[in-house]
Amino acid sequence: MASRARALGGCLVAVACASRPPPPPVIETQEAELGARRAPPAPEGSSRPARALPQSAPPASAGKPGDTAPVVKLLDAGPEPRRALRHAFSKHKQVLSIAAHTRVKGANLPLPAIVITAPMVATIVQVNAAGDARFELTAGPFTSGGGPSGAAGALGGLMGGGAGPPDKVAGWGWVNSRGVMKEFQVTEGAAGGDAPVETGDPFPEEAVGVGARWEVTSTVREKDGPVQQVSVYELVSADKKGIRTKLTRTQTPMGQPDGATAAQSSGELVFRFGDVFPTGRLEMTRNMTVDLPGLDGATLQLSSEVTISRR
């Protein structure tokens with residue numbers, strides 16, 4: 001029983017802090033692989049230069065096969081006065097703290113609550129003529145009750161590794177003025193799989209006023225198959241610096257029977273114009289089927305609270 005609990009706990013810790021990047025470990029708490037396929041290392045003694053980051057923004061369709069660009073539908077433009085929501089990026093550093101608190105029910109296992117914390121830094125290093133920003137991301141070390149090494153080992157449980165990934169996750173990406181995450185590449189983190197791409201939730205094309213509501217629908221590829229994500233935002237307040245929103249989100253695996261594993265989230269997010277990532281708090285529930293010795297087919301319910309704040 002103890003060994004099964006430890007293995008299951010590893011999965012749950014990974015679920016708690018491994019969201020699809022980006023926001024890699026940000027705001028979402030869902031089962032995903034943090035790793036990315038890396039280019040093979042240069043042979044010893046080789047003078048082959050390191051691969052340079054692109055110096056211009058990729059097309060909007062950039063991403064992993066199976067992902068689709070987000071579709072934004074304005075449900076209610078809200079009253080006047082209205083304005084278009086747009087970022088004006090400049091080179092700067094966004095320093096954040098992440099905290100995830102996950103409780104588990106089911107499988108008749110006495111599992112304690114899991115708490116994951118980590119710092120994260122997003123640095124805008126380039127802004128092109130179209131207003132798109134290239135940013136670099138670092139997150140970690142991830143800490144849980146047992147410290148960074150314990151969190152790394154737990155993450156390894158989900159991905160089939162004994163030692164777990166490094167404590168640090170790093171990458172780079174492009175985001176446009178409407179907040180569409182056009183590309184994200186992991187450069188450091190867990191090995192052995194693809195990191196699903198988070199197609200960012202963009203602002204609507206239309207001008208909106210306080211009380212406006214819009215829906216963002218996208219299909220993202222997780223390691224177990226495509227998932228439809230539907231997010232509904234309500235504009236609570238707005239000023240020259242940014243906006244505050246309420247959010248509800250549903251994630252449903254595609255091509256599976258009704259009632260298949262799904263996640264639901266709700267909370268509040270604050271978008272500061274010019275920052276890559278929002279801050280705020282979300283609560284999520286997810287039904288999850290585990291595939292572990294002695295627990296095959298067991299269903300768990302995960303209840304998570306994720307907070308991301310400025311440092």
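**Exercise 1.** Is Phe184 buried or exposed?

*Solution.* The model is predicted. Phe184 has a relative accessible area of 3%. Buried means under 20%, so Phe184 is buried.

**Exercise 2.** Classify the ring pair of Phe135 and Phe184, and place both residues in the chain.

*Solution.*
- Step 1. The structure holds 6 aromatic pairs. In the pair of Phe135 and Phe184, the ring centres are 6.1 Å apart and the planes stand at 25°.
- Step 2. Planes under 30 degrees apart count as stacked, so this pair is stacked.
- Step 3. Strand E4 (residues 133–139) contains Phe135, and strand E6 (residues 181–188) contains Phe184, so the pair ties together parts 49 residues apart in sequence.
- Step 4. Phe135 is buried as well, with a relative accessible area of 0%.

**Exercise 3.** Find the residues outside its sequence neighbourhood that Arg86 touches, and describe the polar contacts of its side chain.

*Solution.*
- Step 1. Locate Arg86: it sits in the loop between strand E1 (71–76) and strand E2 (93–105). Its relative accessibility is 26%, so Arg86 counts as partly exposed.
- Step 2. Leaving out residues up to four places away in sequence, Arg86 touches Ser177, Arg178, Phe203, Pro204, Glu205 and Phe273.
- Step 3. A polar atom of the Arg86 side chain lies 3.2 Å from the backbone oxygen of Pro204. For the backbone oxygen of Glu205, the distance to a polar atom of that side chain is 3.1 Å.
- Step 4. Check the C-alpha separation: Arg86 and Gly179 are 93 residues apart along the chain, with C-alpha atoms 7.6 Å apart.
- Step 5. Phe203 and Phe273 belong to one aromatic cluster that also includes Trp214, Tyr233 and Phe271.

Methods:
Residues numbered from 1 in each chain as written. Predicted model: local features only at pLDDT ≥ 70, side-chain atom pairs only at ≥ 80, totals over all residues. Heavy atoms only, no water. Helix = DSSP H or I, 4+ residues; strand = E, 2+ residues; numbered from the N terminus. Buried < 20%, exposed > 50% of the residue type's maximum accessible area, 1.4 Å probe, protein only. Contact = heavy atoms within 4.5 Å. Polar contact = N/O pair within 3.5 Å; in protein donor to acceptor, adjacent residues only side chain to side chain. Phe/Tyr/Trp six-rings, centres within 6.5 Å; stacked < 30°, edge-to-face > 60°.
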